[in-house]
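This report is for a reader who has not seen the structure before. Please look over the sequence and the model first, then read on.

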Amino acid sequence: MKVLDELISTLDFNAPVKEVRQGVFHTGVLTRYCGLAATLPKEALRQKPPLVREPGSLLDKTAGALAGLAYSESLLEAAIGMATINSLLDVDLHRCAELNAADLILEKGEGTNVVIVGHFPFLPRVRERAKALWVIEKSPSEGDYPEIEADRFIPQADVVAITGTSLTNHTFEQLLALCPPKAYVVMLGDTVPLSPVLFDYGVDALSGTSVVDATLALRCVSQGANYRQIKGVKRLTMTKGSR
């Protein structure tokens with residue numbers, strides 16, 4: 001994907017690979033900083049093995065080689081790649097605010113048509129305040145729509161929230177192409193790179209994670225923490241035009 005090319009072109013790979021952890025729900029990589037990404041176990045387990053080609057040898061690779069795994073068709077490898085990209089980003093914290101994605105979506109989605117790509121715990125709150133809410137999910141729960149319906153609902157939306165794992169499964173660019181010009185587009189989740197590169201693709205806000213205690217965050221990843229259970233992190237939002 002072109003977006004991966006551009007993200008990777010901004011990185012300085014002169015950093016050692018210190019740790020790679022792949023838990024059930026999240027993946028963590030420690031290079032210059034600590035980066036996280038969602039693991040996507042349900043989808044990954046449907047793929048043909050080996051899901052990670054060189055387990056046990058990843059610390060011997062360069063940071064550039066690990067970041068390149070973001071292009072892999074294997075979701076587990078791509079998650080390692082995305083976590084590595086996030087571990088190498090020099091995030092401009094002056095452009096970020098401690099704002100949770102749910103609060104931003106609730107604010108922007110009040111009385112409007114909202115599409116959320118990915119199933120998140122805050123959906124009932126959005127449903128109460130939005131004019132209409134359509135949830136697109138690869139593994140749909142009750143009330144969700146399968147991904148094939150994205151081209152039906154996204155063009156109707158005033159607010160579109162897209163999971164950062166769209167970078168991992170390589171659907172990001174096709175989802176952005178469906179967004180109407182007027183839509184407010186948010187990317188959310190641990191996988192989201194807090195990089196202004198994504199604003200060039202029509203994204204208005206990036207709601208991701210900054211790791212402030214790598215030891216604690218990686219311990220949580222290894223012990224099966226879900227998004228809400230990971231400690232040692234801050235939830236940050238970077239908006240287009242912020243300085």
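In which strand is Asn 113 found? Asn 113 is found in strand β5, which covers residues 113–117. The model is a predicted one, and the sections below go from the chain as a whole to single residues.

## The chain as a whole

The protein chain has 10 helices and 11 strands. Along the principal axes, its C-alpha atoms fill a box of roughly 50 × 45 × 35 Å. The radius of gyration is 17 Å, which agrees with the value near 18 Å that a compact globule of 243 residues would have.

Of contacts between residues at least 6 apart in sequence, 60% join residues at least 24 apart. Of the 243 residues, 56% count as buried.

## Surface and charge

About 11,200 Å² of the protein chain is exposed, and carbon and sulfur atoms supply 50% of that area. The chain carries 25 positive and 28 negative charges, and the mean positions of the two sets are 3 Å apart.

## Asn 113 in strand β5

Asn 113 has a relative accessible area of 14%. Because buried means under 20%, Asn 113 counts as buried. Apart from neighbours within four places in sequence, Asn 113 is in contact with Lys 131, Ala 132 and Trp 134, and also with Gln 156, Ala 157, Asp 158 and Val 159.

## Thr 27 in strand β2

Thr 27 lies in strand β2, residues 26–30. Its relative accessibility is 0%, so Thr 27 counts as buried. The side chain of Thr 27 makes a polar contact of 2.9 Å with the side chain of Gln 22.

Gln 22 also appears in the list of residues in contact with Thr 27, which leaves aside neighbours within four places in sequence. Among the others in that list are Arg 21, Gly 35, Leu 36, Ala 37 and Thr 39. Further along the sequence, Thr 27 is in contact with Ala 79, Ile 80, Ala 83 and Val 221.

## Ala 63 in helix α3

Ala 63 lies in helix α3, a helix that spans residues 63–67. Ala 63 is buried, with a relative accessible area of 1%. In sequence, Ala 63 and Lys 18 are 45 residues apart, while their C-alpha atoms are 9.5 Å apart in space.

With neighbours within four places in sequence left aside, Ala 63 is in contact with Phe 13, Ala 15, Val 17 and Thr 31. Thr 84 and Leu 88 are also in contact with Ala 63.

## Backbone features in the loops

Most residues other than glycine have a negative phi, and most peptide bonds are trans. Against that background, three places in the loops can be listed.

Leu 40 is not a glycine, yet has a positive phi of about 60°. Leu 40 is found in the loop between β3 (34–38) and α2, and is buried, with a relative accessible area of 15%. His 170, another residue other than glycine, has a positive phi near 65°. The loop that holds His 170 runs between α8 (165–168) and α9 (172–178).

Which residues does a cis peptide bond join? The cis bond is between Pro 49 and Pro 50, with omega about 0°. Pro 50 is in the loop between α2 (41–44) and α3 (63–67).

How values were computed:
Residues numbered from 1 in each chain as written. Predicted model: local features only at pLDDT ≥ 70, side-chain atom pairs only at ≥ 80, totals over all residues. Heavy atoms only, no water. Helix = DSSP H or I, 4+ residues; strand = E, 2+ residues; numbered from the N terminus. Rg over C-alpha atoms; globule rule 2.2 N^0.38 Å. Buried < 20%, exposed > 50% of the residue type's maximum accessible area, 1.4 Å probe, protein only. Contact = heavy atoms within 4.5 Å. Areas by Shrake-Rupley, 256 points an atom, 1.4 Å probe, with all protein chains shown as cover. Lys, Arg positive; Asp, Glu negative; His and termini not counted. Charge placed at Lys NZ, Arg CZ, Asp CG, Glu CD. Polar contact = N/O pair within 3.5 Å; in protein donor to acceptor, adjacent residues only side chain to side chain.
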